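Open the model in your viewer and keep the sequence panel beside it. This tour goes from stop to stop, with a selection to make at each one.

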Amino acid sequence: MKKENKGIIGYLFNNRHRSRTISYGMVIIAYLILEAMLRTGNLSNLFLGLLVPATCYLVAAIGLNLNVGVSGELNLGQAGFMAVGAFSGVCVSGVLAGSVPAIPRLIIAIIVGTILTALIGFLIGIPVLKLQGDYLAIVTLAFGQIVMNLIMNLYVGLDSSGLKFSFVQANFTLGEGGKFLINGPMGATGTERIATFTAGVILVIIALVIVYNLIYSRSGRAIMAARDNRIAAESIGIDIAKTKMMAFVISAALAGAAGALYGLNYSTMVASKFDYNTSILILVYVVLGGLGNFNGTLIATVVLFLLPQLLRGLQDYRMLIYAIILIVIMLVTNNELLKTKVASLRGRKQKAKA
Amino acid sequence: MRFLSNLVTGLGLGSVYAIIALGYTMVYGIAKMLNFAHGDVIMVGAYIAFFALTKFGLPLIPGILVAVVGCTVLGVVVERLAYKPLRQASSLSVLITAIGVSYFLQNGAQLLWSASPKMFPAIISTGTLNIGGLSIAYLTLLTIATCIVVMVCLTLFINKTKTGSAMRACSEDKGAAQLMGINVNRIISLTFAIGSGLAAIAAVLLCANYPTVTPTLGSMPGIKAFTAAVFGGIGSIPGALLGGLLLGIIEILSKAYISTQLSDVIVFGVLIVILLVKPTGLLGKKLSEKV
């Protein structure tokens, strides 16, 4: 038996806390280094523009891992939830533009975006979670596309008589001095860019706190039990529908928060940005990071998000190489021969320790 | 009359979806994988047909045959290199690999043939057939006829030939099929070959109806046809036909009578409603839960 270490280090690195300590540590260290580089001006403009989107994808991927990894339901519509968060966040920020300063406005926008997305996640979850396996996956994809298409036809505007919205362009007229918040297929334009890197990092940490506290709680264990064996879990009195719904809604809410931040990071945002390709991109981060492993998600998201930028020197070939890297990683990590090799190496290491 | 003509147009589009959906459904039925790269095989088929018909000036039938052979080879090669090593892996790993293949094909096509759209030549005369006030384009008739021929051939092949029954056996129970002396790997390769060959036919029909060829041409019809396959019950061949035709009709009718922009919303909405009523699609097998 391994002896439990005592003291604060022992507490932080015991079985229960090791992975979260590493997660928080990675995020905080990365933040401190990047912030220092930012302050001293050592960061290229290219990377400067990538900081906030990276944190958004991190939050969305953490949420998706909760759904796909911990709850075991394949979701191909995460981008749809990001879209809801993004456009509601943009609207809230647009409405409050004159009256509330930037930082509280960002916080309110993210909170509203999160709550609205959670609500929509709940509504979508009612039909979706009745299905299983691949059928569930295709329905999430369908919902993602529906949400995107609806937002592409949504007109929201603000004038002296208040907030107006419509799905038909012909019915939509704004009074004197009115402005569009969402202009149909043109999306949101003229958004004030109030998202900051610090806000993104705080959001990542909040997301991690939520998922870690959830998965180590009674509810989290119920979610995992429902994933591993539905019938056995049901027989010991776990309400499958409720646990699955909890994971689904929290996952959606995190995507909404990520979306709100994302939407407020650009002056223009079109709904087609959130099509199923974006959902799949986030899914790739989660699967390559390892299902249910949030440290893996953090690393995979950052690496895969930056990879196309790092391959920029290869110009046209970069996405081709990205695709090849993706396939090769999948082939290598699933190679039986390699797996047994790694397992035997690990075994030897452990024997040596003992 | 206008309704009838819309219905026929819908059947035409639905026939294309049905042929693509066959590729999804056959691969799912036998390999139990969602082949996300299928849409991009269509795109490659479209480019091959385009070059065969324009640059090399081949007549229509040989041109299509070249595309079919090209796609079949592509399908088998992709299966060998990317999917076969993952037979024992989790379905999510296979899904991600298929996505990787999809990215690869799209970006490869962009490098080879550039992103600028190419105009697909007209394959038959643009005339229309008039039956008592109802006018139907010859192209639509050809599309529907092709779909019927493909369907009949495939059904005969699956039900009447020895290889066809081997395929059915593999989709029922791979282990038992192997014990009966069926070479499961060969059957899976064959399934990919047939599905990809059909993709080439679908590509020609698709491009004859919507004549712009781009590297992302396959993704939206791919997703729609995938929806059609699920609609009809994924794994079921008659289901793919039914799902494809219904999807085409719903799409055209909602474009004609409700809203062009919201037609996708309606298509996906109907899918969700159907799956709620019949959780495994219209003609899908019932899932039984074992305790």
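Helices here are DSSP runs of H or I with at least four residues, strands are runs of E with at least two, and both are numbered from the N terminus. With that numbering, Lys32(B) falls in the loop between helix 1 and helix 2 (38-53) of chain B. One caution before you start: this is a predicted model.

**Stop 1: two loop residues in chain B**

Stay on Lys32(B). Check its backbone: phi is positive, about 55°, although Lys32(B) is not a glycine. Its relative accessible area is 44%, so Lys32(B) is partly exposed.

Now select Ser114(B). It sits in the loop between helix 4 (91-113) and strand 1 (118-119) of chain B. Here too phi is positive in a residue other than glycine, with a value near 65°. Ser114(B) is partly exposed, at a relative accessible area of 32%.

**Stop 2: a helix pair in chain B**

Select residues 2-31 of chain B, which form helix 1, and add residues 219-232, which form helix 9. At what angle do helix 1 and helix 9 of chain B pack? The angle is about 70°, and the axes are 8 Å apart. The two helices of chain B are therefore roughly perpendicular to each other, since that term covers angles of 65 to 115 degrees.

Show side chains at the contact. Helix 1 of chain B brings Tyr17(B), Ile20(B), Ala21(B), Tyr24(B) and Thr25(B). Across from them, helix 9 of chain B offers residues including Pro221(B), Ile223(B), Lys224(B), Phe226(B) and Ala229(B). Colour the contact by class: 10 residues are nonpolar, two are polar and one is charged.

**Stop 3: two buried residues in chain B**

Go to Leu134(B), in strand 3 (residues 134-137) of chain B. Its relative accessibility is 12%, so Leu134(B) counts as buried. Which residues does Leu134(B) contact, leaving aside neighbours within four places in sequence? They are Met1(B), Leu4(B), Ser5(B) and Leu129(B). Draw a distance from the C-alpha atom of Leu134(B) to that of Phe3(B): the separation is 9.9 Å, while their positions lie 131 residues apart along the chain.

Next, select Ser263(B) in helix 11 (residues 263-277) of chain B. Its relative accessible area is 2%, so Ser263(B) is buried. Beyond its neighbours within four places in sequence, Ser263(B) is in contact with Glu251(B), Ser254(B) and Lys255(B).

**Stop 4: the sheet of chain A**

Switch to chain A. Three strands form an open sheet in the order 2-1-3, with antiparallel pairing. The edges are strand 2 and strand 3 (179-183) of chain A, each pairing on one side only. From one strand to the next, the twist averages 15°.

Zoom in on strand 1 (residues 155-159) and strand 2 (residues 162-166) of chain A. How many bridges join strand 1 to strand 2 of chain A? There are five, and the two strands run antiparallel. A hairpin of two residues connects strand 1 to strand 2 of chain A. Pick out Asp159(A), which stands opposite Gly162(A) in strand 2 of chain A. Then pick Gly157(A), whose bridge partner in strand 2 of chain A is Lys164(A). In a regular strand, side chains alternate between the two faces of the sheet.

Add residues 78-96 of chain A. This is helix 4, which lies across strand 1, strand 2 and strand 3 of chain A. Helix 4 of chain A runs at about 175° to strand 3 of chain A.

**Stop 5: Asn295 in chain A**

Select Asn295(A), in helix 12 (residues 294-310) of chain A. At 11% relative accessibility, Asn295(A) is buried. Not counting residues up to four places away in sequence, Asn295(A) touches Ser19(A), Ile22(A), Ser23(A), Met26(A) and Tyr212(A).

**Stop 6: the cysteines**

Finish by selecting the cysteines. How many disulfides does a search of the whole structure find? Over all chains, the search finds zero. Take Cys91(A): the closest cysteine sulfur is in Cys56(A), 17 Å away, too far for a bond. Cys91(A) counts as buried, at 13% relative accessibility.

In chain B, select Cys153(B). Its nearest cysteine sulfur belongs to Cys147(B), 11 Å away, and Cys153(B) is in no disulfide. At 48% relative accessibility, Cys153(B) counts as partly exposed.

Key:
Residues numbered from 1 in each chain as written. Chains lettered and ligands numbered in written order. Predicted model: local features only at pLDDT ≥ 70, side-chain atom pairs only at ≥ 80, totals over all residues. Heavy atoms only, no water. Pairing = 2+ DSSP bridges. Axes fitted to C-alpha atoms, helices over the stretch in contact; angles between N-to-C directions. Parallel < 35°, antiparallel > 145°, perpendicular 65-115°, else oblique. Contact = heavy atoms within 4.5 Å. Nonpolar A, V, L, I, M, F, W, Y, C, P; charged D, E, K, R; others polar. Disulfide = S-S within 2.5 Å. Buried < 20%, exposed > 50% of the residue type's maximum accessible area, 1.4 Å probe, protein only.
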